[in-house]
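Reader: I have a model open on my screen and would like to learn how to read its features. Could we go through a few together?

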Amino acid sequence: MGVKCLVCPNKYGPSSTVTLHRFPMEKERFCKWVIICRRPDLLEKGPEKCYRTYKLCSEHFVKSDFNTNKRLNWNAVPSVFNWPDEKSKQTDSVKIIPEESTPCTKTESLSSNMSCTTSKSNSSTSETQTNLALSNNTPEKTKLHKMLSIQKNLFNDLHKKFLTLKKHCSDQEKKSSTLEFFHLMCDNFLNKGFSNFVKVQSKLTLQDPHGHSYDFSYETKQFALMVYFLGPSVFRLLQKSWCLPSVRTLQKTTDNWEINPGLNDFLFKLLAVKANSMKMKSKECILCVNEMSLKSFLFFDYKRDQITGFHNTGSIKSCDVAKSVIILMIRGLHTSWKQPIGYFFVASTCTGYDLQNIIFQAVQKLANISINVLVMISDLSSSCKRFADQQSITPHTPYFNVGEKEIVYMYDPPNLLKATRNHFFEYRFKSLNKIAEKVHLTNFYDSDNSKQNRLAPKLTKVHLNPDSFQKLSCKLASDIFNHTVVAGMTTLVSYDELPHNALDTIDFLDSMNKLFDLFNSHPIPTEVSNREELRRYSLPFSNSYYQKYFLNLMFNYFLNLEIQKFNAKKNDWENISRHYKIKFINGWLISIAGLKRLYQNLSHENHSKVDSICTYRLNQECLKEFDLTVRNRNGNIIHPTPIQFKRIFKKLFCCDYFEQYEGSNCIQDLDDILLRLENTPTSEIKILFPDKNLFQFPLPIRNIKNYKQINLPDQNALTYFCGYLMGQCLKVHQCSTCLNFAQATTSLSSETFYSHFTTYGENPTLLFRDLIIPNSTFYQYIVQINQVFNRHFISLAPQPNVGKTLRDLILNTIFFYHPCDNFPKDFLINLFLRFRIYNSLKRTNKESLELRNDDKNKKVKILSNL
């Protein structure tokens, strides 16, 4: 069938002269071909099937239907056919029925144009023909016309219904193709979490693919952050195929966060969102407290209308300039994560009650968000010592209670090790009839340094004679209490190069090395044999027999330790432990007892076998890194200012906050992610994305900043400043009335001497030349508002909205009349307050700098006189 013409018997072959052509795919041309070929049955098969199956030969087309390449034109239609009845149709216009034939039946009349005619007979007999006018109204035709009319009416009704349904389908198709309809279907047939995800992605696909980073809505960022917290691996996978913001884009939302001194409720709400993705074991944490020195400096943030740099411990705010800052940080006890939670500016030293309020509030706020503080780590500072004494913390009770919760108290082991080294170099240790002296260590270094192949090559003069800065290095202290030094000294004793009584010193160095290893243990994956005595003290603390025995041994050593100083007058060693405050002894005792108490508390809480404790987390190393980062971020300065610290604290908090915690519930499957999202309330995430704070400056003065270059002179200062204020007001509004009011003073008085001598301009005939000297009314008004400022500024300076409060006081207590109704009175008050606040803080900072320089000069004078 594929190589034969549909109408005629022509076939395509090697010897044939005809060509075969396919049926067209266009519906209109296809219908024409089918009608001309007299094959209505092909309409049901359609143009596609006929195009593949049936063909017509070239004999059914005229020559004009072909182009020069003997191909059919696009609009060619077959027209050459040799039908058998074609001639009879052309010659006979009516059908002739023979005489012998029967009359027309109903069926025959419908098939032959619904009429019965008689034709002439070719025979010689007589012929009869019915007139067409007579047969139009026959009963049969009347019935058929009526039936045809009914069918036409039915067809018209059906056609109207068809057009209505077609229009409705078209409307539904347009409606179903809209984004709103797609979102409605997502809500109806998908769960809530997956529906939100799909709807967000459908919106982003309609945007410019190069602008996604700028078009993410808060809902999109909320969803992305939830996915990031619950499963970082899934988040990275989805980023490749879906439109999700990057982690850096999520971090940009922190620009609207405001972190002020104290324990901000906003931060704990943020931590609550992060804590939801953590396991219960990972929520057991350590609270670290440290104090850092600051450079005294006051900064007026005119956008937020507050002054930064005053003493602020949360409950107490004073006008004393802050000299240090107390930092609070939490870190995981079983997993490696850390997060700063607050800071407090302190003028001198923090009292025990202030520190108690800070710590108790921090523990309670953390408990409210299901973060469990088990231990507190501090250094040997005086404020922490006062807090420990106030809480009655002793070696027998190394803990304190916050409500019904027990918090174990420990000191920072690296600080204790440095303090032990410093006192060991200065004094002599005697305990349990054993004496440890530095002289044996010095003799060992002198003997070992003279050898070509040294036993302790790391030991240098810096280790034995550190300066004030090198005494703060924990590495130099750990190099002293080192097994290599112990082994080298033991070797020299065996060769009689060191005296036999040096064994007590060797035993002390070895014990301190093991003690520090026990307080600095890391997880070791491989099993360590009990024969390797040196390594087993570096294992995590599991309250094993040898660990308990060694801790009890060191507890008794420090309990009986006597610090002795050589008295040259008596030529004997005397005990100074009772006369001097030796902090490291009590610190080691409390820390040893605290470690055992911590393991005991964990055993009671879990009621099962407790995992070993990696004691390297029981220190303040995270705070030391935090302090170092703060100094490096500000140009490697030793003492940053309070405003510098505030800005860096926010950045470091955000960096740690967006770090994925080691002990978080890392969900690997996307299905689990979406099911978890369905049960997570969106209100918890909204706290991460506060509305952008459009600052409405409490003291708006447009873009005037030259008030920062003005220094009030000693004589006639206020009069000179009044002229500056009036000049700036004239820039805002200027009319003849305001100009006459501004130039009202034309005589020289005691209040205008300085203004006269500092005049400038090209007209020497005028008394004040180009300077503006207002009249006494304006001067008295400035004097009154200056008195209000001096009277209330000291008490209001530490409080927020200091400028707005002062402005309200001035407007409510002082009346000022100006002949011009359009005079910018509000602008005048705002500019005055801006200048006075800035000038007051500048003067205070200058005095603080002078005091600090005087202290340095005193130290230089003392050292020069030694």
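Reader: Let me start with Asp 41: is it buried or exposed, or something in between?

Author: Happy to help, and keep in mind that this is a predicted model. Asp 41 has a relative accessible area of 35%, so it counts as partly exposed. Its salt-bridge partner is Arg 39, with the closest N and O atoms 3.0 Å apart. Arg 39 is partly exposed too, at 26% relative accessibility.

Reader: What is the general idea behind such a pair?

Author: Side chains of opposite charge can pair when their charged atoms come close. Searching the whole structure gives 15 salt bridges.

Reader: Which residue does Asp 265 pair with, and how far apart are the closest N and O atoms?

Author: Asp 265 pairs with Lys 365, and those atoms are 2.7 Å apart. Asp 265 belongs to helix H13 (residues 265–275) and Lys 365 to helix H14 (residues 352–368), so this salt bridge ties together parts that are 100 residues apart in sequence. Asp 265 is partly exposed at 47%, and Lys 365 is partly exposed at 22%.

Reader: And what do Lys 434 and Asp 507 form?

Author: Their side chains meet in a salt bridge, 3.2 Å from N to O. Because Lys 434 sits in strand S14 (residues 434–436) and Asp 507 in helix H21 (residues 502–518), the pair ties together parts that are 73 residues apart in sequence. Salt bridges can also share partners: Glu 258, Asp 301, Arg 304 and Lys 646 are joined into one network that way.

Reader: Now to cysteines. How many disulfides are there?

Author: A disulfide is a covalent bond between the sulfur atoms of two cysteines. Here the count is 0. Take Cys 820: its closest cysteine sulfur, in Cys 735, is 3.6 Å away, which is too far for a bond, given a cut-off of 2.5 Å. Cys 820 is buried, with a relative accessible area of 10%, whereas Cys 169 is partly exposed at 48%.

Reader: Last topic: how many cavities of 30 Å³ or more does a search of the whole structure find?

Author: It finds 3, and the largest has a volume of about 50 Å³. Leu 380, Ser 381, Lys 385, Tyr 411, Lys 583, Asn 586 and Gly 587 line that largest cavity.

Reader: Which helix gives the most to that lining, and what classes of residue does the lining have?

Author: Helix H24 (residues 583–606) gives the most, with 3 residues. By class, the lining has 2 nonpolar, 3 polar and 2 charged residues.

How values were computed. Residues are numbered from 1 along each chain as its sequence is written. This is a predicted model: local features need pLDDT of at least 70, side-chain atom pairs count only at pLDDT 80 or more; totals for chains, interfaces and linings use all residues. Side-chain values use heavy atoms; hydrogens and water are left out. Buried means under 20% relative accessible area, exposed over 50%, partly exposed in between (1.4 Å probe, protein chains only). On a 1 Å grid over the protein atoms alone, a cavity is a set of points where a 1.4 Å probe fits but cannot get out, and a pocket is an open set with protein on both sides within 12 Å along at least five of seven lines; lining residues have an atom within 4 Å of a point. Grid points are joined across faces, edges and corners, and a volume is the space filled by probe spheres set on the points. Helices (H or I, at least four residues) and strands (E, at least two) are DSSP runs, numbered from the N terminus. Ala, Val, Leu, Ile, Met, Phe, Trp, Tyr, Cys and Pro count as nonpolar, Asp, Glu, Lys and Arg as charged, and the others, Gly among them, as polar. A salt bridge is a side-chain nitrogen of Lys or Arg within 4 Å of a carboxyl oxygen of Asp or Glu.
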